[in-house]
Amino acid sequence: MTPDLLPLLAGFGFGLSLIVAIGAQNAFVLRQGLLRTHVLAVVAVCALSDAILILLGIGGAGIVFTALPWLTTVVRIGGAAFLLGYAVLAARRALRPKALDADEPRASAALLPTLLTALALTWLNPHVYLDTVVLLGSVANTHGDARWLFGAGAALGSIVWFTALGYGARLLQPVFARPAAWRILDAMIAVVMAGIAASLLLGL
């Protein structure tokens with residue numbers, strides 16, 4: 001293996017280890033994938049956002065959060081409020097689930113609100129800054145001149161993961177042809193969102 005590829009592969013693996021977990025962002029991408037609604041746009045927004053955050057982390061933006069602790073507090077409160085609101089909406093859907101018929105035309109949410117939700121779930125989550133900007137940025141900088149290659153690997157990991165999650169979700173469509181499956185999914189999303197919001201507020 002070419003030595004130059006080692007930082008790229010290391011970044012790829014490290015990036016996946018941070019992003020492959022049940023969280024607000026992943027839950028949203030999964031749901032959009034199941035609905036087959038604006039999947040490409042949502043995947044692109046999430047992957048591009050991660051890439052920007054990775055670049056900021058490698059560029060030293062993590063120092064800002066260390067020097068200005070109040071900024072983290074503001075992000076925590078804003079993120080918690082948004083996540084609690086999204087949890088309420090998911091809980092309401094869980095109480096009134098609908099079956100998914102892949103062959104039946106269905107009304108979908110407009111593109112702009114969908115993208116704004118994806119952006120909010122990414123940029124209003126302080127865990128993203130701690131994991132991507134601070135932690136990943138710190139690890140990347142241990143690679144010296146190869147830190148940007150490490151960052152490129154991490155960004156590639158985000159692209160692969162979100163693409164697989166968004167477009168792979170359709171393989172589960174036969175399962176979600178039943179309202180009960182949607183009830184379970186939305187209930188889990190509500191719990192995840194509320195749990196993350198609670199952890200943010202308890203961390204103040």
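## A salt bridge and its surroundings

The structure holds one salt bridge. Asp-186 and Arg-31 are its partners, and their closest N and O atoms are 2.9 Å apart. In general, side chains of opposite charge can pair when their charged atoms come close. Here the two partners come from distant parts of the chain: Asp-186 sits in helix α9 (residues 179–202) and Arg-31 in helix α2, 155 residues apart. Is Asp-186 buried or exposed? With a relative accessibility of 2%, Asp-186 counts as buried. Arg-31 is buried as well, at a relative accessible area of 12%. Please keep in mind while reading that this is a predicted model.

### The overall layout

Stepping back, how many helices and strands are there in the chain? The chain has nine helices and zero strands, so its pattern along the sequence reads α-α-α-α-α-α-α-α-α. Of the 204 residues in the chain, 42% are buried.

### The two helices joined by the salt bridge

Helix α2 covers residues 24–35. At 1.5 Å a residue, its twelve residues should span 16 Å, and the end C-alpha atoms are 17 Å apart, which agrees. Eleven of the twelve residues of α2 are buried, so this helix is largely enclosed by the rest of the structure. Among the buried ones are Ala-24, Phe-28, Val-29, Leu-34 and Leu-35, along with Arg-31 of the salt bridge.

Helix α9 can be checked in the same manner. Its 24 residues should span 34 Å at 1.5 Å a residue, and its end C-alpha atoms are 34 Å apart, which agrees. The buried residues of α9 include Trp-182, Leu-185, Ile-189, Val-192, Met-193 and Ile-196, as well as Asp-186 of the salt bridge. Some of these positions are three or four places apart in the numbering, such as Leu-185 and Ile-189 or Ile-189 and Met-193. An α-helix has 3.6 residues a turn, so residues three or four places apart point the same way.

### The nonpolar core

In soluble globular proteins, nonpolar side chains tend to be buried together. The largest nonpolar core in this model has 35 residues, of which Leu-83, Phe-162, Ile-189 and Met-193 touch the most other members. Two or more residues each come from α2, α3, α5 (69–95), α6 (111–123), α8 and α9. Which element gives the most to this core? That is α9, with ten residues.

### One aromatic pair

A search of the whole structure finds one aromatic pair. Phe-14 and Phe-150 form this pair, with 6.1 Å from centre to centre and 45 degrees between the planes, and the arrangement is tilted. The pair links distant parts of the chain, because Phe-14 belongs to helix α1 (residues 5–19) and Phe-150 to helix α8 (residues 147–168), 136 residues apart. The two rings also fall into separate accessibility classes: Phe-14 counts as partly exposed at 21% relative accessibility, whereas Phe-150 counts as buried at 2%. The cut-off for buried is under 20% relative accessible area.

### The loop after α2

Just after α2, Arg-36 takes a positive phi of about 55 degrees, although Arg-36 is not a glycine. Most residues other than glycine have a negative phi, and most peptide bonds are trans. Arg-36 lies in the loop between α2 and α3. His-38 lies in the loop between α2 and α3 too, and His-38 likewise has a positive phi of about 55 degrees without being a glycine.

### Partly exposed residues

Some residues mentioned in this report count as partly exposed. The table gathers several of them.

| Residue | Relative accessibility |
|---|---|
| Phe-14 | 21% |
| His-38 | 26% |
| Arg-36 | 37% |
| Leu-56 | 39% |
| Ile-77 | 46% |

Leu-56 lies in helix α3 (residues 39–58). Together with Leu-48 and Ile-52, Leu-56 forms a nonpolar patch on the surface, with about 260 Å² of accessible area in total.

Ile-77 has its place in helix α5. How far is the C-alpha atom of Ile-77 separated from that of Leu-201, and what lies between them along the chain? The two C-alpha atoms are separated by 6.7 Å, while Ile-77 and Leu-201 are 124 residues apart along the chain.

Note on methods:
Residues numbered from 1 in each chain as written. Predicted model: local features only at pLDDT ≥ 70, side-chain atom pairs only at ≥ 80, totals over all residues. Heavy atoms only, no water. Expected span 1.5 Å × (residues − 1). Buried < 20%, exposed > 50% of the residue type's maximum accessible area, 1.4 Å probe, protein only. Phe/Tyr/Trp six-rings, centres within 6.5 Å; stacked < 30°, edge-to-face > 60°. Patch = residues over 30% accessible without salt bridge, like charges linked within 9 Å, V, L, I, M, F, W, Y side chains within 5 Å. Areas by Shrake-Rupley, 256 points an atom, 1.4 Å probe, with all protein chains shown as cover. Salt bridge = Lys/Arg side-chain N within 4 Å of Asp/Glu carboxyl O. Core = buried A, V, L, I, M, F, W, Y, C linked by side-chain atoms within 4.5 Å.
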